[in-house]
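Trainee: Hey, got a minute to walk me through a structure? I'm new to this one.
Mentor: Sure, pull it up and ask away.

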Amino acid sequence: MSSDFVIVLTAIFVSTASALLGSFLVLRRMALMADAISHAVLPGIVLAFWVSGGERATAPALLGAAAAGLLTVTLVEWLTRTGRIKNDAAIGLVFPALFSLGVLAVSLYFRNVHLDLDAVLYGEIAYAPFNTLEAFGLNLGPESLWIMGGLTLVNLLFVLLFYKELKLSTFDAGLAAALGFLPAVLHYALMSLVSLTAVGAFQSVGAILIVAFLIIPPATAYLLTQRLPVMIALAVLVGAVSSVLGYVLAILLDASIAGMMATVAGLLFGLAWLFSPVGGVLTARNRRERQRREFAARLLLAHLAHHDRPVPAREVLEEFGWSPAFLAQAQQWAQREGLLAGDPNGLRLTARGAALAGERP
Amino acid sequence: MDLLAGIFTDYTLRNVALGAALLGLVGGVLGSFATLRRQSLLGDVLAHAALPGICLAFLLTGTKAPLILLLGAGLAGWLASLLMLAILRSTRLPEDSTLGVILSGFFGFGIGLLTFIQHSGDSDQAGLDKFIFGQAATVVGEDVLTMAVLGGVALLLVGLLYKEFKLLTFDPAFASSLGLPVRGLGTLLTSLTVIAVMIGLQTVGVVLMAAMLIAPAAAARQWTNRLSTMVWLSAAFGVLSGVLGAVISATRENLPTGPLVVLTASLITLFSLLLAPERGLVWDWRRTRNNRRRIRLERLLLDAHVLYNHAELTPESLAQRRRTAPARAKEELEELAARGWVTGRGERWELTEQGHAEAHRLEQAMRVLPKALNPRAEGGAGGAA
């Protein structure tokens, strides 16, 4: 396997695993919990690092990070439930404190070890091909592929197996609870998987950029569709496209791979925001403009139907108080539709235009 | 004490402590408004969004002058907040997702730019990445001056527009009915928050900035219900965490200032949450425990009262009535005895004078409620009794 392929495949696994869970985070309005968890896994990793005696072992790191993630969720919920602090402020209190503890521990005890903060923050997916997994004396290929592939599979299974429960508890938590679906258990399961994914992706895209992979593709998909299955599929697609394009861009510019992937994801979000067929900003504006123009043209037709002779443009402008440019637009549309004749003496209906105007009482 | 004296004698420590204190002051004041307006995480977004601004400012001008980099940071943060508002207004995307998209998208772009600059072999770039965690230890006098000027402007504006900001925070609808430019004032307040973030970047960095806007304000909120007191307290807590964090980090090598400042602020918040008068959770727990205990004893006394009046009060009879073990009933009677409500004479117990009075009072208290709620019963044709 070429190293380019390994890197891109790892990134696609990261983005797919994230998009699967992120879709539910976005819909449940817990996007910022993803931010909090991804910061707070740091002390968990450090603790696991310390417990396992400075070995950069994967299993303890995963466990430690999952524990830290759950601690974050529990603390935020506890703080919110005391009623003394609002939910967003609770998030903003918990994760910097935990992250500070992590940073402090790293700079105190692991300064010279293989756990430097740059890697924590923005990861180094470029090393993915070189950390290989060896078992029973066999070289099984890059470790990151195994970890992220496994996590992608676990997340996929989770979403497929509990799709009904996830969907119901996302859109109607009360009904889900009434039907005995245990939304709280589902909530903690989802959060545990987010923590696991965050730490699994920690080597490749870093603790902070994982937020980009968890939130941006699902948010982009959210702008493009109103249906949940389509949204999840689109989120996975956007993640994969960002992974590939981001990698290409990073190679061209010699910049951080994860950073460029997040940039591309952000750009895709921007495109969806502007051009989405469902309520994109420019799409909506164009539709409004077109409707305005068509309405004006029909108004014009109705007006002309009362006159036998061609009406000079000046008269129409006075009558409706339009700008000449606007009249020209409406005229152009009506001419293209074959409703208005190009008469040099002024505006005149074609036979079709007259018929159309006459239909209306 | 040597350490605190170090603030006045040690040049580096003095600058670091001053920088952190300024951050605490400005962050505390503006954080109060931000948390009350439920915009606490805006600081986090602005800080992350500042990174590409810093990198672009460096790429375009090639200098590392703090003011220019901070201006770049401010512009990027400002752009991010405008973009965020535009997205919120034009889509149905939830607010937290919008924050997340802007935060991580800008930050990813910033990391991309940062590595691009680093790999392009520009030797001047060293230290640029320190904005991520802050570079408190390298803050020099000139930086402190820049921070002081920026912070001074922000605080001055808050002072001048205090009444307007207060109204905007608590009742924007009323403010707008008075003819105040609510949207403009909101944007101004957000822009001032950008200034607080710019000051924080050099001391605590991008990642930890959120805490410096939230923690002091959340702590101050526990001690008072008045905005003015809260702002002063929040500023004081901010300054305290800044100075303490700086001093503690000077005690040992390898103790980064930013995380220590944030942890100090978090501890102050935790302390306030638990122990502030009135709102403190510890008092709450104690009140709940005392109430539970009082209610349990009162029910016990009423049971004992009934038994004493209509049968006989022994541990066995009490146990039967309350469906507990006789040993437990005996303990309960002793609890009542400790209050002076019953006395024991062998197996037979009886209510004391005080116990009778208390039971009577409780019975009366229980009767008051239904009577007061039902006006017809108040006429009292003797039926209720």
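Trainee: What share of the 385 residues in chain B is buried?
Mentor: Buried residues make up 50% of chain B. Keep in mind that this is a predicted model.

Trainee: Okay. How many helices and strands does chain B have?
Mentor: Chain B has 17 helices and 2 strands. Its radius of gyration is 31 Å, well over the 21 Å that the globule rule gives for 385 residues, so chain B is more spread out than a compact globule.

Trainee: What box do the C-alpha atoms of chain B fill?
Mentor: Roughly 95 × 55 × 35 Å, taken along the principal axes.

Trainee: And how much accessible surface does chain B have?
Mentor: About 18200 Å², and 61% of that belongs to carbon and sulfur atoms.

Trainee: Switching to charges. How many salt bridges are there over all chains?
Mentor: The count comes to 12. One of them joins the side chains of Arg296(B) and Glu335(B), at 2.8 Å from N to O. That pair links distant parts of the chain, with Arg296(B) in helix H13 and Glu335(B) in helix H15, 39 residues apart.

Trainee: How accessible is each partner there? Start with Arg296(B).
Mentor: Arg296(B) has a relative accessible area of 29%, so it is partly exposed. Glu335(B) counts as partly exposed too, because its relative accessibility is 22%.

Trainee: Which residue does Glu332(B) meet in a salt bridge?
Mentor: Arg322(B), with 3.4 Å from N to O. Glu332(B) lies in helix H15 and Arg322(B) in helix H14, so the pair ties together parts that are 10 residues apart in sequence.

Trainee: Is Glu332(B) buried or exposed?
Mentor: Glu332(B) is buried, at 3% relative accessibility. Its partner Arg322(B) is partly exposed, at 23%.

Trainee: Which residues are linked with those two in a network of salt bridges?
Mentor: Asp303(B), Arg321(B), Arg328(B) and Glu331(B) are linked in a network with Arg322(B) and Glu332(B).

Trainee: Where do Glu358(B) and Arg361(B) lie?
Mentor: Both lie in helix H16, 3 residues apart, which is about one turn of the helix. They form a salt bridge, and the closest N and O atoms are 2.8 Å apart. Glu358(B) is buried, with a relative accessible area of 17%, while Arg361(B) is partly exposed at 44%.

Trainee: New topic: where is Thr224(B)?
Mentor: Thr224(B) sits in the loop between helix H10 and helix H11 of chain B.

Trainee: Why does Thr224(B) count as buried?
Mentor: Because its relative accessible area is 12%, and buried means under 20%.

Trainee: What does Thr224(B) contact, leaving aside neighbours within four places in sequence?
Mentor: Thr229(B), Met230(B) and Leu233(B). Closer along the chain, there's Arg226(B): its backbone nitrogen lies 2.8 Å from a polar atom of the Thr224(B) side chain.

Trainee: Last one, on chain A. Which domains is chain A divided into?
Mentor: Domain 1 covers 3-275 and domain 2 covers 281-358. The C-alpha centres of these two domains of chain A lie 56 Å apart.

Notes. Residues are numbered from 1 along each chain as its sequence is written. Chains are lettered from A and ligands numbered from 1 in the order in which they are written. This is a predicted model: local features need pLDDT of at least 70, side-chain atom pairs count only at pLDDT 80 or more; totals for chains, interfaces and linings use all residues. Side-chain values use heavy atoms; hydrogens and water are left out. Helices (H or I, at least four residues) and strands (E, at least two) are DSSP runs, numbered from the N terminus. Buried means under 20% relative accessible area, exposed over 50%, partly exposed in between (1.4 Å probe, protein chains only). A polar contact is a pair of N or O atoms within 3.5 Å; within protein, one must be able to donate a hydrogen and the other to accept it, and residues adjacent in sequence count only if both atoms are side-chain atoms. Contact means heavy atoms within 4.5 Å. Domain bounds come from an automatic or database domain assignment. The radius of gyration is taken over C-alpha atoms; the globule rule is 2.2 Å times the number of residues to the power 0.38. Accessible areas come from the Shrake-Rupley method with a 1.4 Å probe; for residues, only the protein chains shown count as cover. A salt bridge is a side-chain nitrogen of Lys or Arg within 4 Å of a carboxyl oxygen of Asp or Glu.
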